[in-house]
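Dear colleague,

Please find below the structure that I am handing over to you. A summary of what was found in it follows directly after.

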Amino acid sequence: PSAVKEELIKKYPPKVAKKRGKAIVVNDPAEIPQVQANIRTIPGIITQRGCSYAGCKGVVLGPTRDIVNLVHGPIGCSFYAWLTRRNQTRPDGPEGENYMTYCFSTDMQEEHVVFGGEKKLKKAIQEAYDLFHPKAIGIFSTCPVGLIGDDIHAVAKEMREKLGDCNIFGFSCEGYKGVSQSAGHHIANNQVFKHVVGLDDTDKGGSFKINMLGEYNIGGDAFEIERLLDKCGITLVASFSGNSTIGQFENSHTADLNVIMCHRSINYMAEMMETKYGIPWMKVNFIGAEATAKSLRRIARYFEDDALMARVEEVIAEEMPAVSSVIEEIHPKTKGKLAMLFVGGSRAHHYQELFMELGMETLSAGYEFGHRDDYEGRRVIPNIKVDADSKNIEELKISADPEKYKPRKTEEELEKLKEAGLDIRDYDGMMPDMKKGSLVIDDISHYETEKLIELYKPDIFCAGIKEKYVVQKMGVPLKQLHSYDYGGPYAGFTGAINFYRDIDRMVNSRVWKLIQAPWEETSIELEADYVTQ
Ligand code: CFM
Ligand code: HCA
């Protein structure tokens, strides 16, 4: 692996090679090395990262169905975020509110960039209100809004007061804020926490009340998780934000536990909710059948309820046979095959579980915009250098709510649970789960991707739409772990079965062998023939 690393950076100018060298590390799970992460991409390198607006408007708020998400900016920003992420939702019947299929934008023109766009924004809010009478309107700033200084928060306040029965709040998530989508996650967490969470104190009943944080219902994952929670008798108060409503967010502080799927995008919310309301959080993973069983068991152990623990065991016993029979059929065909995963800020870790169940090895993996804690574990957080880019993102000062703070467990109770192996408030990151000698690469560049494939020739490469066809032209199938291509759900037990079958189809299809990769000699000879003809 060290030789591969050298090969990946060899062609770069010395300064670039030095910098990229710190983002490419040979893993050792026993002595986790440091990974350079969450810093600016080197200009000129083709990154797969997106922007702050994508992380805020697209990722965190995108899956909410009854908030009108209004983009203040030129039309392209809204158009390119229009139904491109496969977050699904299930409205309450045919008349139930669902604005997800709409594309709301102020359609800023040059005139507004020069003379200001606040008037147009006010008009757009009024128009959306008159047409839909939504419970809430979220305003999202794109790059030019920040550059010209339109004050979306003042507009939000003015219009909220004017309209009276519509919660209106803004997100200063200009694309250039921070270094990736990650900044947008933080901005989204802050504003939803400030303007929405805690508004509705109604006790809606139910036992074992949890919130599901960082699950965005891509390809219907949240539906499968909801099915399992329901079967176990665990009440889902709110989901941030797959298949969610604003009413759920308002009421979410009545839950007794926050479980986190995607740590990167939503850990801020969990911490703020614990400080203000006293709700502890726990990392879970519903990707992988074993991981799903483990996560359900851990939720039951948190509640320390025998009947719940028994029910969870019953559910696992009911669900597992179907999983095992598919694994028995597929494992012999996938065993020993090689995978690589380069995705966002959490899936590159979670999906290694499913590949393990298929007997496949992960040779190399990395995030586009994960932070060091997502790689090395939260214990490194105190040592993370806070640079100017991170300082630009607001850290809310949160304290216990004088009336609503109610610790769900005492510190002693939490300590006891931790001693019994329940890792409350912790996430160990991706590297402890990866083999010694595997390559961990942050913010992989396009050149490095191609080189890595050429050197390792994996049986499957997992990434997004930008990589998909380039990689497939090299004769390597690419599974999109963002959109799942057209598949899913992949979460839970049913999801695991779907994934096994899809991966089997991909790694065992003979079509890939018919493609000549650019580095294959035969293709070079063919080209030579062509030239001499
Ligand atoms: Fe979390 Fe996500 Fe991901 Fe993410 Fe994303 Fe996504 Fe992703 Mo695409 S919130 S970090 S910003 S799990 S959109 S649902 S697939 S890059 S790995
Ligand atoms: C985003 C969204 C994205 C893009 C996926 C891709 C998603 O980052 O803005 O590059 O294929 O999951 O839809 O991550």
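**Findings: from two residues to the whole chain**

Arg 298 has a relative accessibility of 10%, and therefore counts as buried, since the cut-off for that class is under 20%. Please note that the model is a predicted one.

The setting of Arg 298 can be described further. Arg 298 belongs to helix 13, which covers residues 289–303. Once neighbours within four places in sequence are left aside, the contacts of Arg 298 are Met 282, Lys 283, Val 284, Leu 422 and Asp 423.

A second residue that may be of use to you is Leu 236, located in strand 7 (residues 235–241). Its relative accessibility is 28%, so Leu 236 counts as partly exposed; that class lies between the 20% and 50% limits. With neighbours within four places in sequence again excluded, Leu 236 is in contact with Ile 210, Asn 211, Met 212, Glu 226 and Leu 229. For one of these partners, Asn 211, the separation from Leu 236 is 25 residues in sequence, while the C-alpha to C-alpha distance is 5.7 Å.

I turn next to the domains. The domain assignment places residues 52–175 in domain 1, and residues 209–330 together with 381–419 in domain 2. A distance of 28 Å separates the C-alpha centres of domain 1 and domain 2. Between them, 16 residues of domain 1 are in contact with 14 residues of domain 2.

The protein as a whole contains 22 helices and 14 strands. What radius of gyration does the protein have, and what would be expected of a compact globule with 533 residues? The protein has 24 Å, and this agrees with the expectation because a compact globule with 533 residues would have a value near 24 Å. Along the principal axes, the C-alpha atoms fill a box of roughly 75 × 65 × 50 Å.

Of the 533 residues, 56% count as buried. Among contacts in the protein with a separation of 6 or more, 75% are accounted for by residues 24 or more positions apart.

Finally, as regards surface and charge, the accessible surface of the protein comes to about 23300 Å², and carbon and sulfur atoms contribute 54% of that area. There are 66 positive and 79 negative side chains in the protein, and the centres of these two sets lie 3 Å apart.

With kind regards

Notes. Residues are numbered from 1 along each chain as its sequence is written. Chains are lettered from A and ligands numbered from 1 in the order in which they are written. This is a predicted model: local features need pLDDT of at least 70, side-chain atom pairs count only at pLDDT 80 or more; totals for chains, interfaces and linings use all residues. Side-chain values use heavy atoms; hydrogens and water are left out. Helices (H or I, at least four residues) and strands (E, at least two) are DSSP runs, numbered from the N terminus. The radius of gyration is taken over C-alpha atoms; the globule rule is 2.2 Å times the number of residues to the power 0.38. Buried means under 20% relative accessible area, exposed over 50%, partly exposed in between (1.4 Å probe, protein chains only). Contact means heavy atoms within 4.5 Å. Accessible areas come from the Shrake-Rupley method with a 1.4 Å probe; for residues, only the protein chains shown count as cover. Lys and Arg count as positive and Asp and Glu as negative; His and the chain ends are not counted. The place of a charge is taken as NZ of Lys, CZ of Arg, CG of Asp or CD of Glu. Domain bounds come from an automatic or database domain assignment.
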